[in-house]
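Work through the exercises below with the sequence and the structure open. Try each task before reading its solution.

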Amino acid sequence: MFLYLDLETIPTQSPDVRAMIAESVTPPARMSKPETIAAWEKNERPAAIEEAIAKTALDGTYGHVCCIGFAANDMAPDSTYLRHYTPEAEATILRDFFAAADDLRKGDHFPVRVVGHNVIGFDIRFIWQRAIVLGVRVPGWFPCDPSPWGHDAFDTMIAFAGRRGTIAMDRLCRALNIEGKGDIEGSMIGGLWESGMYDAIAKYCMADVERTRAIHRRMMIAFGEAA
């Protein structure tokens, strides 16, 4: 079973972590004059703190899963997503995703190959990190540290750009004549979350699942696994 997967994440929602990050933001080392440091503290430090907090959306240590979009084989995409943040709510969407995928597998009869764009470098690792932090049991079929060319995961970015290369999904879609992203892109998710646009995030995530499936099927022609 091909399990097409896409993850949306948000920065830390913990006041304690935000405060810790704020305390860690200091003036550049090259600054030494008191008046220069004072000007930086007033004019630049607030934006530097917000930037440092925003970066936690890319790190499962402190960032959070806000939406998981998925689809099995030819099935329509589905999603599980947050409408408010608590640790238990985040744990619930992880459990709901695993339960839904287990149901799609129909027990233990179908091996799973997780397919996504940068899924090995980001999505799979982030899910594991959050499961560890939140104490969520991960089912045995979900890959832990998959090989780029193994049987339990297929990364469309690696398949096209190589293990050390990168290519944005939207650029790859355009190269393959597949409809790309619209008005929303990944860096906007944190702002959409803060604005309460949870349904829009889920819709965007499921659209990325569709794009991932279209990319994968084009690639399977080159790999000789599909007509």
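Four exercises follow, on a predicted model.

**Exercise 1. Find which residues have the most contacts inside the largest nonpolar core, and which elements build this core.**

Step 1. The largest nonpolar core has 45 residues, and those with the most contacts inside it are Leu3, Phe97, Phe98 and Phe142.

Step 2. Two or more residues each come from strands S1 (2-10) and S2 (64-72) and from helices H4 (87-105), H5 (119-134), H8 (189-194) and H9 (198-222). H5 gives the most, with nine residues.

Step 3. Take Phe142 and leave aside its neighbours within four places in sequence: Phe142 is in contact with Leu5, Phe97, Phe98, Val114, Ile124, Ile127 and Trp128.

Step 4. Another core, of 15 residues, lies apart from the largest one; among its members are Met157, Met169, Cys173 and Met219.

**Exercise 2. Determine how the buried residues of helix H1 are arranged around its axis, and what they pack against.**

Step 1. H1 spans residues 15-24, and Val17, Ile21 and Ala22 are buried in it.

Step 2. These residues cover an arc of only 140° around the axis, so they sit on the same side of H1. In an α-helix there are 3.6 residues a turn, so residues three or four places apart point the same way.

Step 3. The buried residues of H1 pack against helix H3 (45-54). The face turned away from the buried side carries the exposed residues Pro15, Asp16 and Glu23.

**Exercise 3. Decide whether Thr80 is buried or exposed, and list its contacts.**

Step 1. Thr80 is located in strand S3 (residues 78-81).

Step 2. Its relative accessibility is 9%. Buried means under 20%, so Thr80 counts as buried.

Step 3. Beyond neighbours within four places in sequence, Thr80 is in contact with Cys66, Cys67, Ile68, Phe70, Ile93, Asp96 and Phe97.

**Exercise 4. Classify the aromatic pairs Phe2–Tyr4 and Trp149–Phe223.**

Step 1. The whole structure holds 11 aromatic pairs.

Step 2. For Phe2 and Tyr4 the ring centres are 6.2 Å apart and the planes are at 40°, so this pair is tilted. Phe2 is partly exposed at 26% relative accessible area, whereas Tyr4, at 2%, is buried.

Step 3. Trp149 and Phe223 also form a tilted pair, with 6.4 Å centre to centre and 35° between the planes. Trp149 is in the loop between H5 and strand S5 (153-155) and Phe223 in the segment after H9, 74 residues apart, so the pair links distant parts of the chain. Trp149 counts as exposed at 53%, and Phe223 as partly exposed at 40%.

Definitions and conventions:
Residues numbered from 1 in each chain as written. Predicted model: local features only at pLDDT ≥ 70, side-chain atom pairs only at ≥ 80, totals over all residues. Heavy atoms only, no water. Core = buried A, V, L, I, M, F, W, Y, C linked by side-chain atoms within 4.5 Å. Buried < 20%, exposed > 50% of the residue type's maximum accessible area, 1.4 Å probe, protein only. Helix = DSSP H or I, 4+ residues; strand = E, 2+ residues; numbered from the N terminus. Contact = heavy atoms within 4.5 Å. Arc of directions from axis to C-beta. Phe/Tyr/Trp six-rings, centres within 6.5 Å; stacked < 30°, edge-to-face > 60°.
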